[in-house]
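Please open the model in a viewer and keep the sequence panel visible. The tour below proceeds by selection, from the whole chain to single residues.

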Amino acid sequence: MKPFFAILSIIFLLGNQFVSAQTQPIPSSAKIYHQLQKLNFLGTVLYVAAHPDDENTRMISYLSNHTKARTAYISLTRGDGGQNLIGSEIREKLGVIRTQELLQARKIDGGHQFFSRANDFGFSKIPEETFEIWDREVVMSDLIHTIRKWKPDVIINRFSHESHGKTHGHHTASAILSYEAFEKAADPFSYPDQIAQFGTWQPARLFYNTSWWFYGGRDKFAKVDKSNMVAIDIGTYYPILGLSNSEIAAQSRSMHKCQGFGSALSRGTQMEYLEFLKGEPLSEHKDVFEGINTTWSRVENGKPVGTFLNQIINKFNHQNPAAIINDLIQLHGMIQKTKDKHWKKVKTEELELIIQNVLGLYLEASADKYALTQGDNAKLKVEVVNRSNQTITLKSATLLPLNTSLAENMMLKYNDKKIIESEFQVTNSIPK
């Protein structure tokens, strides 16, 4: 069996501060299997709202874990204008806390996280007041930038763009901007400075994630005409994870600690409703991706990738995830032959993480000091462990941006821990 060659570049230096880095825990074989399933789904969703904790974690978790879609939430603000139940930090410092809470929430529900430069200045009664304080063009630019970069097939607004005066002005403003951005993202004359990097993008559909709460009660909502809505039971149970979608969502929701939004775990059927706003019409109103090709055949040269990936998924061994390593390497080469640059980049990154995970490859770097300024010296320690029965050669390990070589052609046998030690100086040439 040919050895697998891994290339490792270790990046620590951020401006003039030294940031120690360490690996995330290696996921279980069940979660690796879940990653393989997501690798086989080529569909993307963007959820849009105004603040941290506005997002519906039940919907984000369902789309990420059940549908297997690439799912992201963009919070137009970082929550600087909120209150703080766990400390004395307010304004910018509170925004830092709420940013980190959002990032932790996404680690749990499987979504990605984006922000814009909108200012959370506190409660606003109407969207007009909000737009007087927000720089509307800047926020719209950020939202369209995210759409063009993330390339969602489906956009979901948490709030209605027609709720003038009925809710927080920031909420309505977020929906108004999203409603307009749906077409503007495809317009080459809108923010043309972005196009060279991301091109234009036209999402297929826009929805509003409504609920009984917005109608003033369950009884009132029961009488609403739902023929234009997609009804989804998001209470599904995932045997492979041992959790229901609602339990995952509650754990994610409970990350919003400073706002007191802890949520009790719940189980059983729970319905969510997505009201269709515009885009490609639905015929059955059962699936937001109805009629959208989410298989590998959506990209040129992609159909063989999907066929081979299905074979890999069917032969996956939970007791020995590394048994598919050669197939994954072959799959890596096949993805490089596809023609869609966006999906090639996205799926290559997903696959390379899976390759690392099936090998149980552990990488951790730490320094003897938590912070450095230019001219200071530090000692670096890197731990590398291959916990699979595959022979791996660590081709190179490099400290950037110093371009210092830490190791070359290091053979990594099963469970044989390697320690790489180095000393370096933070030179004046490192960017501040």
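**A residue in strand β17**

Select Asn409, which is found in strand β17. Strands here are DSSP runs of E with at least two residues, helices are runs of H or I with at least four residues, and both are numbered from the N terminus. The model is a predicted one, in which local features need pLDDT of at least 70 and side-chain atom pairs count only at pLDDT 80 or more, while totals for chains, interfaces and linings use all residues. Residues are numbered from 1 along each chain as its sequence is written, and side-chain values use heavy atoms, with hydrogens and water left out.

Asn409 has a phi near 50°, a positive value in a residue other than glycine. Most residues other than glycine have a negative phi. Asn409 counts as exposed because its relative accessible area is 55%; the classes are buried (under 20% relative accessible area), exposed (over 50%) and partly exposed (in between), with a 1.4 Å probe and protein chains only.

**Elsewhere on β17 and beyond**

Select Glu408, also placed in β17, the strand of residues 404–412. Glu408 is exposed, with a relative accessible area of 57%. Which residues does Glu408 touch, not counting residues up to four places away in sequence? They are Leu394, Lys395 and Ser396, where contact means heavy atoms within 4.5 Å. Add Lys395 to the selection: Glu408 and Lys395 are 13 residues apart in sequence, and their C-alpha atoms are 5.3 Å apart in space.

Move next to Asn415, in the loop between β17 and β18 (418–425). Asn415 is not a glycine, yet its phi is positive, at about 60°. Its relative accessible area of 44% makes Asn415 partly exposed.

**Helix α9 and its surroundings**

Select residues 245–253, which form helix α9. Is this helix mostly covered or mostly open? It is mostly covered, with eight of its nine residues buried. The buried residues are Asn245, Ser246, Glu247, Ile248, Ala249, Ala250, Ser252 and Arg253. Display their neighbours: the buried residues of α9 pack against α2 (57–66), α3 (92–109), β11 (237–238) and β12 (243–244).

**Asp109**

From α9, go to Asp109, which has its place in helix α3. Asp109 counts as buried because its relative accessibility is 0%. Show its side chain together with that of Arg106: a polar contact of 2.7 Å joins the two. A polar contact is a pair of N or O atoms within 3.5 Å; within protein, one must be able to donate a hydrogen and the other to accept it, and residues adjacent in sequence count only if both atoms are side-chain atoms. A polar atom of the Asp109 side chain also lies 3.0 Å from the backbone nitrogen of Gly111. Not counting residues up to four places away in sequence, Asp109 touches Thr57, Ile60, Ser61, Ser64, Asn65, Ile248 and Ser252. Of these contacts, Ile248 and Ser252 are among the buried residues of α9.

**The whole chain**

Finally, clear the selection and view the entire protein, which has 12 helices and 18 strands. Its C-alpha trace spans about 65 × 50 × 45 Å along the principal axes. Of the 432 residues, 51% are buried. Among the contacts with a separation of 6 or more, 75% are accounted for by residues 24 or more positions apart.
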